[in-house]
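User: Hello! I am new to this structure and would like a friendly walk through it. Could we take it one question at a time?

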Amino acid sequence: MKIGNREFEIGAHTYLMGILNVTPDSFSDGGKWNQQDAALFHVEEMIRDGADIIDIGGESTRPGYGAILPDEEELSRVLPVIEAVRKRFDIPISIDTYKGGVAKVALEAGADLVNDIWGCKYDRKMAGVIAEAGAACCLMHNRKEPVYENYLEEVKADLSKSVALAREAGVEENRILLDPGMGFGKTYEQNLILMNHLEVLGDLGYPVLLGTSRKSMIGLTLDLPVTDRLEGTLATTVMGVIKGCAFVRVHDVKENARAIKMTEAILRA
């Protein structure tokens, strides 16, 4: 799978997407990387620690966060950082947005992948934007309410609809990643069930990106605040590698890179 100028060998290794939130209010690290110098230093640090992609987000998308940021304000946060990262580092860039207008400008500025928490369903222009740019995309599972009759099958069906939207707009099949959407449109118990059955997403035929870093599922299980969830995140990363995930999206790159390396060494033995 090609993202930007890099080829990823799907199935051979679990790759790392490093999170860069340039927001004042993200659930985990809001305000920490708002200044461009701090953001670029953190990107350099994540690359050194083993990041394969940098995911840049300008709006908090934590569950229960109701405010929708205007495109102009979101772009004012992410655009200078995307341009600076593209200028200074040779690494694929992901834009974390569910808005087609933001995605279009971000792709023009140098982003290579659109990470959409609504899987092209919030903004029906999104799929066309991705296709027109020839970009890659990560389509996440999401629902407004965690109500299901046949949970795992409905998650797969929802993701299949996102894939259909992308494909109908012209997004190439080998440019699509799927994200199970841990923490979105799911109860605590449903998150655990999906973690335990991630392999079912393989039925859809697309690489899977797992994003669990510091999320509430970990906090609720271990009764820990967001600042103290590293070990729980590492456990989910190890599960993701065992279950065949192609990518994991994390805050703590160095520690997760080590966990992946150790897990893969065991699996290869």
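**A guided tour in questions**

Analyst: Happy to help, and here is a starting point: a polar atom of the D116 side chain lies 2.8 Å from the backbone nitrogen of C120. Please keep in mind that this is a predicted model.

User: Is D116 buried or exposed, and what is its relative accessible area?

Analyst: D116 belongs to strand β6. Leaving out residues up to four places away in sequence, D116 touches T97, Y98, M126, C138, L139 and M140. Buried means under 20% relative accessible area. D116 is therefore buried, as its relative accessible area is 0%.

User: How far apart are the C-alpha atoms of D116 and P24?

Analyst: Along the chain, D116 and P24 are 92 residues apart. In space, the separation between their C-alpha atoms is 20 Å.

User: Which elements do the buried residues of α4 pack against?

Analyst: Helix α4 covers residues 126-133, and its buried residues are M126, A127, V129, I130 and A131. Just after α4, G134 takes a positive phi of about 65°. The packing partners of the buried α4 residues are α3, β6, β7 and α5.

User: Where do the buried residues of α6 sit around the axis, and how wide is their arc?

Analyst: The buried residues of α6 are Q190, N191, L194 and M195. An α-helix has 3.6 residues a turn, so residues three or four places apart point the same way. In α6 the buried residues are on the same side of the helix, because they cover an arc of only 140°.

User: What do those buried residues of α6 pack against?

Analyst: One partner is α5, where Y151, L152 and V155 meet Q190, N191, I193 and L194 of α6. The full set of elements that the buried α6 residues pack against is α5, β9, α7 and α8.

User: What is the orientation of α5 to α6?

Analyst: Two packed helices are described by the angle between their axes and the distance between the axes. For α5 and α6, the axes are 11 Å apart and the angle is about 75°. Angles of 65 to 115 degrees count as roughly perpendicular. That makes the orientation of α5 to α6 roughly perpendicular.

User: After α6, what is the relative accessible area of G202?

Analyst: G202 lies in the loop between α6 and β9. K156 is 46 residues away along the chain, with 9.6 Å between the C-alpha atoms of K156 and G202. G202 counts as partly exposed because its relative accessible area is 48%.

User: Which residue offers a backbone oxygen 2.9 Å from the side chain of T14?

Analyst: T14 is located in the loop between β2 and β3, and it is buried at 4% relative accessibility. Setting aside residues up to four places away in sequence, T14 touches V241, C245, A246, F247, V248, I260 and E264. The backbone oxygen that lies 2.9 Å from a polar atom of the T14 side chain is that of C245.

User: Which residues does T263 contact, apart from its neighbours within four places in sequence?

Analyst: T263 is part of helix α9, which spans residues 253-268. T263 is buried, as its relative accessible area is 8%. Beyond those sequence neighbours, T263 is in contact with V238, V241 and I242.

User: How many residues does the largest nonpolar core have?

Analyst: L20, I56, V85 and I176 have the most contacts inside that core. A second, separate core of 13 residues includes Y15, M17, L113 and F247. The number of residues in the largest nonpolar core is 63.

How values were computed:
Residues are numbered from 1 along each chain as its sequence is written. This is a predicted model: local features need pLDDT of at least 70, side-chain atom pairs count only at pLDDT 80 or more; totals for chains, interfaces and linings use all residues. Side-chain values use heavy atoms; hydrogens and water are left out. Helices (H or I, at least four residues) and strands (E, at least two) are DSSP runs, numbered from the N terminus. Buried means under 20% relative accessible area, exposed over 50%, partly exposed in between (1.4 Å probe, protein chains only). The arc is that of the directions from the helix axis to the C-beta atoms. Contact means heavy atoms within 4.5 Å. A polar contact is a pair of N or O atoms within 3.5 Å; within protein, one must be able to donate a hydrogen and the other to accept it, and residues adjacent in sequence count only if both atoms are side-chain atoms. A nonpolar core is a set of buried Ala, Val, Leu, Ile, Met, Phe, Trp, Tyr and Cys residues joined through side-chain atoms within 4.5 Å. Axes are lines fitted to C-alpha atoms, for helices over the stretch in contact, and angles run from 0 to 180 degrees between N-to-C directions. Angles under 35 degrees count as roughly parallel, over 145 as roughly antiparallel, 65 to 115 as roughly perpendicular and the rest as oblique.
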